[in-house]
Amino acid sequence: MADTSIEWATAVWNPTTGCDRVSPGCDKCYALTMARRLKAMGSAKYQVDGHPATSGSGFGLTLHPDTLTDPLGWRRPERIFVNSMSDLFHARVPLAFVQQVFEVMAATPQHTYMVLTKRAGRFPRVAPRLSWPSNLWVGVSVENADYLGRVDELRAVPAAVRFISAEPLLGPLDGLDLAGIDWLIAGGESGPGARPMSLAWVRDLLAMCDRCDTAPFVKQLGAAWARQHGADSKGGDWTHWPADLRVRTYPAPVGAVAR
Ligand code: SF4
């Protein structure tokens, strides 16, 4: 089992790897950078190159049917981030494969699965042909207001928990409708050349969450804030953040969450 440093998950599972950039939030895709390194290290899952214009070395979309049964062997309940190195709803992941992933989730109710996508436009076509397990949380990434339409697509899917990942947050999300959205993660961009995130945008989101009973989770303040405050690229020890931004809550139901 692959452990993860992602704050809100306890494990990762990558039945597919590789992807293609689709919107500005992808510009500094950590998975693309990591795939290049993993290919150079000889990692078997990262030997297919993607198109240089949208993807990169070791980051070609690849299915890994041999990993489909991995979670069956994990006895301890885990909070599993599905496809930290890909996008399950990429157009080249066949519906039959997505169905198999969903079947594994349904067969392992001890785990909580989190699927995050930027390809909510595929939901209307595939959602009616999937059997949605009760331990699946589905989220969409929204980096700026140009992509609020992903939230409307998310609202229409029958996921047990629906969430938004506003990370990297690249602009204010004026007009965001949180009706039917259980959880919102917000965070700035990290790494070299990170684009700045205004704390005012995060505060606006926290106020929206408050009005709509959506659980907020502020993941990181980003490299720009960190530079100003002499912290590490993720914003350092969160106990040093402004008090009103130290918010890390999870939505109900939390019963299946491991820790
Ligand atoms: S959708 Fe996600 S995994 Fe794919 S390129 Fe964009 S940031 Fe990377």
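The confidence of the predictor in each residue is expressed as pLDDT, on a scale from 0 to 100. The structure described here is a predicted model, with a mean pLDDT of 93 for the chain and 93% of its residues at 70 or more. Residues 255-259 remain under 50, and the model has 13 contacts beyond four places in sequence for them. Where pLDDT is low, the predicted coordinates should not be read in detail.

The ligand is surrounded by Cys19, Asp20, Arg21, Cys26, Cys29, Ser86, Lys118 and Arg119. By character, this shell comprises three nonpolar residues, one polar residue and four charged residues.

Arg119, a member of the ligand shell, also forms a salt bridge with Asp87, at an N to O distance of 3.0 Å. Arg119 is placed in the loop between strand S5 (112-117) and H3, and Asp87 in the loop between strand S4 (79-82) and H2, so the salt bridge ties together parts that are 32 residues apart in sequence. Both residues, Arg119 and Asp87, are buried.

In total, eleven salt bridges were identified. One of them joins the side chains of Asp27 and Arg195 (3.2 Å, N to O). Because Asp27 belongs to the loop between strand S2 (16-17) and helix H1 (30-40) and Arg195 to the loop between S8 and helix H5 (199-212), the pair ties together parts that are 168 residues apart in sequence. Asp27 is partly exposed, at a relative accessible area of 48%, and Arg195 is likewise partly exposed, at 23%. Together with Glu189, Asp27 and Arg195 are linked in a network of salt bridges. A further salt bridge is formed by Lys219 and Glu167, whose closest N and O atoms are 2.9 Å apart. Lys219 lies in strand S9 (residues 215-220) and Glu167 in the loop between strand S7 (161-166) and S8, so parts that are 52 residues apart in sequence are tied together. Lys219 is buried, with a relative accessible area of 11%, and Glu167 counts as buried at 17%.

Eight aromatic pairs are present in the structure. Among them, Phe102 and Trp132 are arranged edge-to-face, with 5.2 Å centre to centre and 85° between the planes. This pair links helix H2 (residues 95-107), which holds Phe102, to the loop between helix H3 (123-126) and strand S6 (136-141), which holds Trp132, across 30 residues. Phe102 and Trp132 are both buried. Trp183 and Tyr250 form a tilted pair, at 5.4 Å centre to centre and 35° between the planes. Trp183 is located in strand S8 (residues 183-187) and Tyr250 in the segment after helix H6 (222-229), 67 residues apart. Trp183 is buried, with a relative accessible area of 0%, whereas Tyr250 is partly exposed, at 28%. Ring pairs join these two residues with Trp137, Phe163 and Phe217 in a cluster.

Terms used
Residues numbered from 1 in each chain as written. Predicted model: local features only at pLDDT ≥ 70, side-chain atom pairs only at ≥ 80, totals over all residues. Heavy atoms only, no water. Near = heavy atom within 4 Å. Nonpolar A, V, L, I, M, F, W, Y, C, P; charged D, E, K, R; others polar. Contact = heavy atoms within 4.5 Å. Phe/Tyr/Trp six-rings, centres within 6.5 Å; stacked < 30°, edge-to-face > 60°. Helix = DSSP H or I, 4+ residues; strand = E, 2+ residues; numbered from the N terminus. Buried < 20%, exposed > 50% of the residue type's maximum accessible area, 1.4 Å probe, protein only. Salt bridge = Lys/Arg side-chain N within 4 Å of Asp/Glu carboxyl O.
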